[in-house]
Amino acid sequence: MSIYLDNAATTAVCPEAAKAALEAMTVQYANPGSPHAMGRAAAALVERGRAQVARALDCLPEELFFTSCGTEGNNWALRRGAEYNARHGKHLLSSQAEHPAVLRTLEELEARQGFTLTLLKPERDGSVSPDAVRAALREDTCLVSLMCVNNETGAVTDLAAVARAVRERCPKALIHTDAVQGFLHVPLSARSLGADLITLSGHKVHAPKGIGALYIRKGLNLPPLLTGGGQESGRRSGTPAVELIAAFGAAAERGMQSFAADSARMAELRGHMARRLRAENPGLLLLGGGAPQLLSLSLPGWRSEVLMNFLEARDICVARSSACKRGGRSQVLAAMGLPGDVIDGAIRVSLSRYTTREEADAFCDALRDARERLRSSVRRR
Ligand code: PLP
C-alpha cells in the first residue's frame, strides 16, 4: 500500500461520502429538475447536501451554490464580481501567492477588460499581512481576493482583519477568499469572516473530484457564470451532480463532526514530523506553516525531484510544490523571497485525518535515508 502524503492535491473519498454517492447514483438517480416523485427525491438530496455544506461553513443554505470545482468557483467569483462592481472602480487587489485559478483569471481581467491589478508580495511564510492590504487599497478598489490557507506552505492569512481593513477604507469593494485549502482544516465561519464570496472544493475534504461550491453573501446579486436552464436558483445552470453533491454534503458533515479532533491530531503529527526532520537533517528548513495538514520543507542544495524519486521507490507520495501545475519553479516560494536552492529543494507533505504516525515516521525515515544514500551522487555543483 502506498503511503499517501499529498492530501493538499486531493484526498481519499471518505466512506460516508462514497455511500451517499452510491445511493444517489443507483437509487435517487433522477434529474432533480424533474417534477415527478423520483425527481423530487433527487432534489431533496441536493438540498440536504446544501444544508450540510452550509452548516460546515456556517452560512445559510441559500447562500451556497454548487459548482464543478474550486477553479470554477474562483472564476465565477472573480469574473462576475469584478464586472458587477466595476461601477465603483476598476482596481483589483490580490497577492502573488494565490492559486493559478485566481492569478490567471485576474490577469485576464486586467489584459482584456481594462482592470488594474495589484498583486501583493506575501510575507516570508506565504501569508498576506492585513497592513499590506490596508496600504494597497485605493479609492477605486472594487474587489479584493486573498486565499485563506496557502496551498504550498499552509500559511494562514488573517482574513477577518483583512475584511475589517477593506470595510473601513473601501466599503463598496467585494471581498473574495479562495478557501479551498482552509475549509474544514482551519476554523472558518462565513458568518463571522466578513467575506462576500468564498470558494470551496469537495475533493480536498474527502468528497469526490468534480464538485465545489461558491458562497455568495445574502443580498449580493452576483450574476451567473454559466447560463442555461436556470438551475441553482438561476445562479448556476447545468443539471446538478446529485451524487457528487450528496457526497460533498456527507463529507462536510463528517468533517465537521470530527473537526476539532482531526485538527488536533494532524497538528500533533505535523509537530512530531517537524521535530524529527529538523533533528535528523542538518540544514533542513521548514517553510511557512500554520494549517495543521500542511508541512512544507526544503533541503537546500538537494533537488526535490531526486529526493522524490527516492521516496517513490519506497512507495511514498508527496508533492514537489503545487501539484496543480507541472514543471517550473514555484512562483509562491519565489514571491516569498526564498533563494533558488531553497525553492529547488522544496517538498510539500500534506496530511489527512487518515494519516497514521507510522506513515509519518516512514516519510521521516525515508528522507533521512535518501539524504544519506544520495549524498555523493546528487549534491548540486
Ligand atoms: N485553490 C486552491 C488554493 C487550491 O489548492 C486548488 C487546488 O489545488 C484550487 C483552488 C483548485 O481547486 P479544484 O482542483 O477543485 O479546481
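**Domains.** I looked up the division of the protein first and found domain 1 (3-11 + 259-380) and domain 2 (15-257), with bounds that come from an automatic or database domain assignment. I noted that this is a predicted model, in which local features need pLDDT of at least 70, side-chain atom pairs count only at pLDDT 80 or more, and totals for chains, interfaces and linings use all residues. Residues are numbered from 1 along each chain as its sequence is written, and side-chain values use heavy atoms, with hydrogens and water left out.

**Between the domains.** Taken over C-alpha atoms, the centres of domain 1 and domain 2 are 28 Å apart. To their contact (heavy atoms within 4.5 Å), domain 1 gives 32 residues and domain 2 gives 35 residues. I then read that the two domains bury about 2,800 Å² between them, 50% of it on carbon and sulfur atoms; buried area is the accessible area (1.4 Å probe) that two parts lose on being put together, summed over both.

**Around the ligand.** I found 14 residues surrounding the ligand, each with a heavy atom within 4 Å of it, and the closest are Thr71, Asp178, Gln181, Ser201 and Lys204. Helix H3 (residues 70-85) supplies the largest share of this shell, three residues; helices here are DSSP runs (H or I, at least four residues).

**Polar contacts.** For pairs of N or O atoms within 3.5 Å, I noted a polar side-chain atom of Asp178 at 2.6 Å from a nitrogen atom of the ligand. A polar backbone atom of Gly70 is 2.8 Å from a ligand oxygen atom, and a polar side-chain atom of Gln181 lies 2.8 Å from an oxygen atom of the ligand.

Notes: A polar contact is a pair of N or O atoms within 3.5 Å; within protein, one must be able to donate a hydrogen and the other to accept it, and residues adjacent in sequence count only if both atoms are side-chain atoms. Helices (H or I, at least four residues) and strands (E, at least two) are DSSP runs, numbered from the N terminus.
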